[in-house]
Protein chains: 4
Amino acid sequence: MSENDNLTFLDDLGLGFAVDRLGPAKYPTPMRVGCLTGDDERILYHTDVAIVRRLLDEGCELPSFERAGPREQLFFNPIGLRAGIVTCGGLCPGINDVIRAIVLCLHYHYGVESVDGFRYGYEGLIPDYGHEPISLTPARVEMISDFGGTVLGTSRGNQDVGRMVDTLVTRGVSILFTIGGDGTLRGAGAIAAEIARRGLPIAVVGVPKTIDNDIAFIERSFGFITATAEAQRVIEGAHSEALAARNGIGLVKLMGRDSGFIAAYSALADSQVNFCLVPEVPFALESFLDALRDRLAARGHAVIVVAEGAGQELVGRTGARDASGNVKLGDIGLFLREAINGYFKELGTPINLKYIDPSYTIRSLPANTYDSAYGLLLGYNAVHAAMSGRTNMVVGYWNNEYTHVPIPLAVYRRKTINPQARLWNNVLLATGQRLASPA
Amino acid sequence: MSENDNLTFLDDLGLGFAVDRLGPAKYPTPMRVGCLTGDDERILYHTDVAIVRRLLDEGCELPSFERAGPREQLFFNPIGLRAGIVTCGGLCPGINDVIRAIVLCLHYHYGVESVDGFRYGYEGLIPDYGHEPISLTPARVEMISDFGGTVLGTSRGNQDVGRMVDTLVTRGVSILFTIGGDGTLRGAGAIAAEIARRGLPIAVVGVPKTIDNDIAFIERSFGFITATAEAQRVIEGAHSEALAARNGIGLVKLMGRDSGFIAAYSALADSQVNFCLVPEVPFALESFLDALRDRLAARGHAVIVVAEGAGQELVGRTGARDASGNVKLGDIGLFLREAINGYFKELGTPINLKYIDPSYTIRSLPANTYDSAYGLLLGYNAVHAAMSGRTNMVVGYWNNEYTHVPIPLAVYRRKTINPQARLWNNVLLATGQRLASPA
Amino acid sequence: MSENDNLTFLDDLGLGFAVDRLGPAKYPTPMRVGCLTGDDERILYHTDVAIVRRLLDEGCELPSFERAGPREQLFFNPIGLRAGIVTCGGLCPGINDVIRAIVLCLHYHYGVESVDGFRYGYEGLIPDYGHEPISLTPARVEMISDFGGTVLGTSRGNQDVGRMVDTLVTRGVSILFTIGGDGTLRGAGAIAAEIARRGLPIAVVGVPKTIDNDIAFIERSFGFITATAEAQRVIEGAHSEALAARNGIGLVKLMGRDSGFIAAYSALADSQVNFCLVPEVPFALESFLDALRDRLAARGHAVIVVAEGAGQELVGRTGARDASGNVKLGDIGLFLREAINGYFKELGTPINLKYIDPSYTIRSLPANTYDSAYGLLLGYNAVHAAMSGRTNMVVGYWNNEYTHVPIPLAVYRRKTINPQARLWNNVLLATGQRLASPA
Amino acid sequence: MSENDNLTFLDDLGLGFAVDRLGPAKYPTPMRVGCLTGDDERILYHTDVAIVRRLLDEGCELPSFERAGPREQLFFNPIGLRAGIVTCGGLCPGINDVIRAIVLCLHYHYGVESVDGFRYGYEGLIPDYGHEPISLTPARVEMISDFGGTVLGTSRGNQDVGRMVDTLVTRGVSILFTIGGDGTLRGAGAIAAEIARRGLPIAVVGVPKTIDNDIAFIERSFGFITATAEAQRVIEGAHSEALAARNGIGLVKLMGRDSGFIAAYSALADSQVNFCLVPEVPFALESFLDALRDRLAARGHAVIVVAEGAGQELVGRTGARDASGNVKLGDIGLFLREAINGYFKELGTPINLKYIDPSYTIRSLPANTYDSAYGLLLGYNAVHAAMSGRTNMVVGYWNNEYTHVPIPLAVYRRKTINPQARLWNNVLLATGQRLASPA
């Protein structure tokens, strides 16, 4: 619903857009539908005409993604093939949709009947944990998309790569689908590297999962629309609370460790938001508090949305890391609550602050219709890619086309809001906020 | 959806069920519909045949409520009449529905055209605050029931009773509708007493509001069904989180200061709940932790719902009070989170606890269909009662009939779950929990 | 949310409220919770004090229902017991909740492990159809309440009673739970009679299902609150359509063959309804059309809700019957659409009528929180009743207590809106409609 | 969530992508945010690398859209400016969001204080109808996005262009925003042409509205995601009905006169759909009925989704047209119901068909979060375009960027599903359907 201006980096030009393959495809596809995708079909990375012209003028090649889709020739013989699926990291609406799509596509479109569902993330690939894989049949996955979470379970953190590859070999798994975020993809990349080192014919294909929508080179991650809708619902409650009290303030903390997309889109979708604070745009605390004071004086209430990663320079990150390797954040929500209460106490102005931290209630929802269909097609295209022998890649979405994105490219940087570009500009227009940067 | 067993107190027999009136009704109603309620229509308090028989055998009168409804004769002449509405205390789904119903009923059914909407609770009746009342017309309230909160604003705490009555006199307000909970009703009772002391022809009629459903002599308060539905939604998220992790625990803190109805009904509506902790049923911490350990060992995940007022003997109440006069509660949610984490750390069992505190998101919702219709009829009946000259009362609902409840009766005690009776028994059946009482 | 005034019939006094039993209960309950219900506990039928006084004065016994709940002694030995469940007639939100509750209660509370799920209604009890029963285990039913419909399937119409009893005997089924409406209950009554004739120790216990809320002696049927909420949603759409056009008319046809409860409650919950037409209150077509004309002249738009059984004297019932034995209705929705269009064409007034018939979309929904909890407790209480040896009865709900209702009483009459009483009066107040009766 | 393959037409190359302007922009923008859009910023039409290379090889210019966004210089002086808004044609979720965004952007971002809301479509521009315009202030539009429909009202059909321009002149309206579909845009084009003929400085800027998502050169129309979500909800009900009966068939008719996007996306989002019939893909009736028979034989139930414009060659269009100039469609839903019932009657196979036509309930919904944010930015960009002096254009969305689309381009053709491309291919994969084309 908004622009990708934040996504187009001129300095990414040197990166590789080429996708690894296990080897030549030699089996004809058993799929009986007509529209197949050619191996040379590609989607432009840039759509800004000025950029394209400059690249052409400079004799550069136009960067582009390989288009996803079913291929005429497969690398794997579907008969007797075994695939595996693993889900890692935090919950996100739509994981079950992706699992379901992979299983149904393997079964009905390719005739692959054996799918291992590894349990509790990468732990499921290490026998010591004793997590027996689930056999994923169409009957087992038929109704799972009505539920949030993941039927496979999940965990954070990586495991020994060699032993995970051993497990694939032992169980005869030829394709591993990994559904997870940045850390998971790095793990998948390591698994693919180890497979390559051993010269094994095993494909590793990821479906990128991030509720923060912060995976680069992918327009929008599944579950994001669902999460934004629920965030808006919470903000509406905060607005009702703010309106109902003299100098009422609704303060909502949302997800967004490094990227404030949920906060930003929520602010657009619910134009009751007066202040939207995101990690990408540092703000001076005094400027914020003064602006809040002015807003209360003018309108008698205010709604503030803050992404969890915003204002970390104020709360003092400790630098500690969690099991996924993410830096532990200081709690900006509680910090702001104290700061606001203190500020107005000093001013002698009674306020009425309601602090809301919806936390896990957003990410544990089932996918809405949009994300459900999106998860279906991400899952389908992951299967098409793997069957054709692609590996060390994730399925992406770019300029409304499903694409193949090499894992090194996907983890090269995080996608963040560009404070100079259109999305953030529209947030400023919608909220009316004007905050000074930190000194 | 469950039984009222908790509501029938034999020792309440001595209480007065008679409703105060300002004086004889002498104006014929302008209402043009046919079904009027006689002043002698009453609804039995008890429906248990054994109790009724015993009372009859002992020669006692059967306690009963006056039935609410439109009367043939009014105390007030609607022509030129002015009414006022005030909303106090915390938010609750449906306040706007009640406001709307009162305004529409006054306007369309009785021809009363002047309705003052006092702002920010009882503050709105004290001129010093400078809150000018809103003129509540049908056009102003037409669409407000689509929004949560209260269009009038609210505040906690009482104000000087004499000055509030002065305001009513000065503005020519003949009926004051108060929408609020226990504290508000006590305030309304004080206003009614002062009015009586001065011999003024002003009616004070309340619509009881409590998201905890804890007002005695009233089956179910408006907004409760909406709140329970949202609580269930949150619990479903906690269940998804718990299922998705090894030894996953979803811990949800819900409203319920003294009465655990929301927690109890949520446990019935979402039978994924394994432990339901309420203020009325103290539990031994060790017993709870051991049972949680057994549950994890057996099933690998658990869902816990705790009402905010549960286990206060564990967290140590300080005895401090908030602006509404409520005792400040210790935070049982955070306490349990620490206790559970500590217990399993000591056991050496890794767990994965997700703590969810939906807080204001529940009470700030708009009313669902059920509560919207309920709020409409509570509002209508409040108007009927006031126009007939009833005062110092609230509109209740008992055995599926709208009733008149004297304020002293309504505030005489809080309604709580009876641990020996059917509602709690069904919670025990639905959760399967068996916890020891504190030593 | 409204009153039961329509439910209290003085002329029902002669009916029998006594429930059949298979024989003396002799097995101690294995249930480990504390609150058991005594066999002599009863709930008053009337709560109107005047009626109760008159009955007492006349020396009549006060009619009352047996209270439902777990008994100390069981008729059946749970060990090795086999039960069966059958669902019949049209869909209704919550059927799966009831199935789930029965299975879980039998399994966890009584230790009954064998439950046959008969398929496609009473057909499932006739071997010729070849519908093999489903084995209903806790794992099978765990998540079914998230889905609408019935996992057992359903059908209309009765089957040969003797052969159905033969099936119960052959399969060793000692308890048959029937979830269905009027026709189903009559069928269940016939089965119970045949069982009695043969002197078999088989219990037949029903859970009444009717989306029209028209089963007598039961306050509210499960699914009704869900259905009303969805009806309101549809009406809101009709209101948006009506508002958006010059002389816009939104005409919504809702369920309600003989009883207009859904239409009436929807009108209360969505006070945008200007005309509510129900089977119980005949209206003169001209009066309605003239009133509609006046409404359009005054406000420029109108919303009409019509129950499918309304105005049958206008459309001319043919007297034909469907497979369930219900009289086929004339289509009042299409009739009104034509009549309204014709009337305004003749007047030369251009109108813009939008006709909406949500039909199956309402009854096929999953139960909302309220109905889910209600379905749970109906199911529990059906099991308690059956285990104690009650038979030829349904579980009811009356004055907020779960009750036992003999099948002959439940099918004695349909529950309908009393046009002279409070519910309808409130609909008239909420809509403002005043229509003449037919000449 | 799916690909735009259907949108890229090589034969559109000759069309003009240049946008009309009223004259040079000379007033500096009063907007205080930083990111302005240059007049030379453009977005590529094609992203397929092969197409782009071929065009470059052939020396063709790459077709591109002007990028939307706030400009540094305005054509209009905001001080004293008056704008008007008109909404035409059928309802669609999000119209009120667009109205609100236009008013707020004019007011807060540009300082334009006078906005006329013309009532009931183009009728509102013809004085004879007597529809006085609404004054659209921020307070008036603040909460309207919570409601479906349009606060301005709407109508179908065009009006006398000269007289509409007279009205703009008389009222001093300098910008006319038209929110509507194909017919509305043609009308807007005619108004712009008449304005140009008279040499008036009046801008005409459209926001394209079509619930069928069938406006060319625009990726997705607002309201489409909301409509698809509701369609899925209806299909779930049909699925519950189908599952609950022996040989149960759920038949759902959805919108889609010439383009089956809602049906296609619904089939992707709810993979319970077994047959998806759209206008773009004719099918042989016998082939469909035989496939349905095979499906029932294999699985015992089936779900069919049919767009209203599908199979018109079967039902026999009459060629008649409605007030908007659209060809009147034959009723394919009722036709299929009869055909299916007849077919199985002849086969002697009892079936159980439930027909659902949700009709107006979908289009009259309020916008969901996604469409609400989308509507906001469409409205903002419409204002930016108009203030800069663009005219005879609509705001579009292409490759995730907001664009300017000349009206002649937007109405040049309808956007339809390409039966040879990826979207339809995925529908075939998701449903598994294989139907023969008509002979």
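How far apart do the C-alpha centres of domain 1 of chain A and domain 2 of chain A lie? They lie 34 Å apart. The assignment, whose bounds come from an automatic or database source, gives domain 1 as 5–221 + 365–410 and domain 2 as 225–362 + 420–431.

A word on the ground rules: this is a predicted model, where local features need pLDDT of at least 70 and side-chain atom pairs count only at pLDDT 80 or more, while totals for chains, interfaces and linings use all residues. Residues are numbered from 1 along each chain as its sequence is written, and chains are lettered from A and ligands numbered from 1 in the order in which they are written.

Now for two contact surfaces of chain A. Residues are in contact if their C-beta atoms, placed from the backbone, lie within 7 Å. Ala, Val, Leu, Ile, Met, Phe, Trp, Tyr, Cys and Pro count as nonpolar, Asp, Glu, Lys and Arg as charged, and the others, Gly among them, as polar.

| Side | Nonpolar | Polar | Charged |
|---|---|---|---|
| Chain A, touching chain D | 26 residues | 19 residues | seven residues |
| Domain 1 of chain A, touching domain 2 of chain A | five residues | seven residues | five residues |

The contact between the domains takes 17 residues from domain 1 of chain A and 20 residues from domain 2 of chain A. Between the chains, 52 residues of chain A meet 52 residues of chain D. Helix α12(A) gives the largest share of chain A's side, eight residues; helices (H or I, at least four residues) and strands (E, at least two) are DSSP runs, numbered from the N terminus.

Chain A lands on chain D after a rotation of 180° with 0.0 Å of shift along the axis (RMSD 0.0 Å), by least squares on the C-alpha atoms of residues with pLDDT of at least 70 in both. The two copies are thus related as by a two-fold rotation axis. In chain A, A:N399 has the C-alpha nearest that axis, 2.4 Å away. Both copies use the same surface, as 100% of chain A's contact residues recur in chain D.

Over in chain C, helix α8 covers residues 285–299. Its residues C:F288, C:L292 and C:L296 are buried (20 or more other C-beta atoms within 10 Å of their own; exposed means 12 or fewer, with C-beta atoms placed from the backbone). These buried residues pack against β12 (275–277), β13 (301–307) and α10 (332–347) of chain C. The face turned away from the buried side carries exposed C:D294, C:A297 and C:A298. Just after the helix, C:G300 takes a positive phi of about 85°.

Terms used
Two residues are in contact if their C-beta atoms, placed from the backbone, lie within 7 Å. The expected span of a helix is 1.5 Å times one less than its number of residues.
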